[in-house]
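Here is a short report on one protein chain. Keep the sequence and the 3D view at hand as you read.

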Amino acid sequence: MPVHGFSSKSEKNEATKQQRRDPYELLGVSRNATDQEIKSAYRKMALKYHPDKNANDPKAADMFKEVTFSYNILSNPDKRCQYDMAGFEAIESESQDLELDLSSMGTVNTMFAALFSKLGVPIKTTVSTSILEEALNGMVTIHPLQLGKPLVKKVEKQCAHFYSVTITEQEAQAGFVCRVHSPDKSKFKLLYFEQEENGGLGLALQEDSAKTGKVTSAGMYFLGFPVYRLDQTISAMATAKDPDAAFFKKLHGFQPCEITELKAGTHVFAVYGDNFFRSVSYRIEALCAATFSEEKKKLRNVETQILSKRAELVKFETEYREVLAQFTEMTSRYAQEMQSIDELLRQRNAIHAAYTNVPPLKRSSFSSKVKVSFKQWRRGSLAEFGLTVKNLWGASTKHLLGAGLVRRR
């Protein structure tokens, strides 16, 4: 029983579960809400209840945790499906993956996070709350970015550079692409903002950089047809929890982008430095896709194949698990059968050896007798050899004296 005045961990967890509210209701979205609607609702509530803005309000801190918890469920396709089917019971609260705001962490905590990241532990980071708040209040500096003219810049850690791109109706219909590269393999985020009713900017899309060869890159493609993005953190987390499932989770993060095309007008993008301690050197480029018609066809074809392969992997995983279970069972049986056969053969040899009237010799006594016999023989042989030498020396001396070859002293 728990000590008076204290509750057990299980009791606290049970009380927390009973206090949880429906994620859809908490975020103020419908059950048919799109990923973009869920993300937009979360960003607004996270800004409102963030601990940095409510340092002396514990209720706001609890609300922030609950909002983040709800978003972690609804932003993950698998967890959202599990919740829709079975509620909170299908969600393992202990394994919810939180996004870290590095700008609000102390130096020590940031060092620990960097260390874990180096060791291969997948750590999801979020854009600094202060950056999002400044954008929402229209307090950021926006630089113009011309189509086809890349810019090379350096952004500090947990800071952002904002760029505006203006496209015509014809360019919007042809398609638009924004790409960022970092030659020093730094981590960054490519962000796209939409105009809010208050005149500020609200985060609409986010693409984390990924290593491709000797650089890290991120891109957004508005080509008029569904284009997919690959969230590699999902497969990375699956690998950390279950290395055997890494292969089958590889395409789970392949999800359609919320926005497939842009309208004519001015659009705002940003490059956010996502390194733990150092700045990020990068090159940003905005392109009209009119001259990339062949690439558009290839991209659409390849992504169709990836979708088909993702569906095949679901079926293949089921078959693989069944065969693996059978293989494990056969391997265990193989070891048992081998042990059983070896034991039977040992018993058989023991029975064969029992067919004799001669008592079995003890290895230790036989060995000692052999050793004793050898010592006695060696001593006797040496003594006999000594007598022989003595006799020969005496006979030789007499012969030499008789011949006058030696004299007595």
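Helix H4 has 17 residues. From its first C-alpha to its last, H4 reaches 25 Å in this predicted model. That is close to the 24 Å expected at 1.5 Å a residue. H4 is mostly covered, with 12 of its 17 residues buried. The buried ones include Ala-60, Met-63, Phe-64 and Leu-74. Polar residues are on the list too, among them Glu-66, Thr-68, Ser-70 and Asn-72.

Helix H3 covers residues 35-49. Its 15 residues should span 21 Å at 1.5 Å a residue, and its end C-alpha atoms are 21 Å apart, so the two values agree. Which residues of H3 are buried? They are Gln-36, Ile-38, Lys-39, Ala-41, Tyr-42, Arg-43, Met-45, Ala-46, Leu-47 and Tyr-49. The cover over these residues includes helices and strands: H2, H4, H5, H7, S5 and S6.

**The whole chain**

The chain has 11 helices and 12 strands. Buried residues make up 33% of its 409 residues. Now take the contacts between residues at least 6 apart in sequence. Of these, 73% join residues at least 24 apart. The accessible surface comes to about 27100 Å². Carbon and sulfur atoms account for 56% of that surface.

**Two nonpolar cores**

The largest nonpolar core has 25 residues. Phe-176, Tyr-192, Phe-222, Leu-262, Phe-269 and Ile-284 have the most contacts inside it. Seven strands are listed in the table; each supplies at least two residues of this core.

| Strand | Residues |
|---|---|
| S3 | 160-167 |
| S4 | 176-182 |
| S5 | 188-195 |
| S6 | 201-208 |
| S8 | 215-222 |
| S11 | 265-273 |
| S12 | 280-288 |

Which strand gives the largest share of this core? S12 does, with 4 residues.

A second, separate core has 21 residues. Ile-38, Ala-60, Met-63 and Leu-74 are among them. Ile-38 is one of the buried residues of H3, while Ala-60, Met-63 and Leu-74 are buried in H4.

**A closer look at Tyr-192**

Tyr-192 belongs to the largest core. Leave aside its neighbours within four places in sequence. Tyr-192 is then in contact with Gly-202, Leu-203, Ala-204, Leu-205, Met-220, Ile-259, Leu-262, His-267, Val-268 and Phe-269. Of these partners, Leu-262 and Phe-269 are also named among the core residues with the most contacts.

**Strand S4 and its partners**

Is S4 enclosed or open? 6 of its 7 residues are buried, so S4 is largely enclosed by the rest of the structure. S4 is joined to S8 by 7 bridges, and these two strands run antiparallel. One bridge pairs Cys-178 with Met-220 in S8. S4 is also joined to S12, by 6 bridges, and this pair runs antiparallel as well. Here Val-177 has Leu-287 in S12 as its bridge partner.

**His-267**

His-267 lies in strand S11. Is it buried or exposed? The cut-off for buried is under 20% relative accessible area. His-267 has 11% relative accessibility, so it counts as buried. A polar atom of its side chain lies 2.6 Å from the backbone oxygen of Lys-263. Leaving aside neighbours within four places in sequence, His-267 is in contact with Tyr-163, Ser-164, Val-165, Ile-167, Tyr-192 and Leu-262. Tyr-192 and Leu-262 are core residues met above.

Terms used:
Residues are numbered from 1 along each chain as its sequence is written. This is a predicted model: local features need pLDDT of at least 70, side-chain atom pairs count only at pLDDT 80 or more; totals for chains, interfaces and linings use all residues. Side-chain values use heavy atoms; hydrogens and water are left out. The expected span of a helix is 1.5 Å times one less than its number of residues. Buried means under 20% relative accessible area, exposed over 50%, partly exposed in between (1.4 Å probe, protein chains only). Contact means heavy atoms within 4.5 Å. A nonpolar core is a set of buried Ala, Val, Leu, Ile, Met, Phe, Trp, Tyr and Cys residues joined through side-chain atoms within 4.5 Å. Two strands pair if DSSP finds at least two bridges between them. A polar contact is a pair of N or O atoms within 3.5 Å; within protein, one must be able to donate a hydrogen and the other to accept it, and residues adjacent in sequence count only if both atoms are side-chain atoms. Accessible areas come from the Shrake-Rupley method with a 1.4 Å probe; for residues, only the protein chains shown count as cover.
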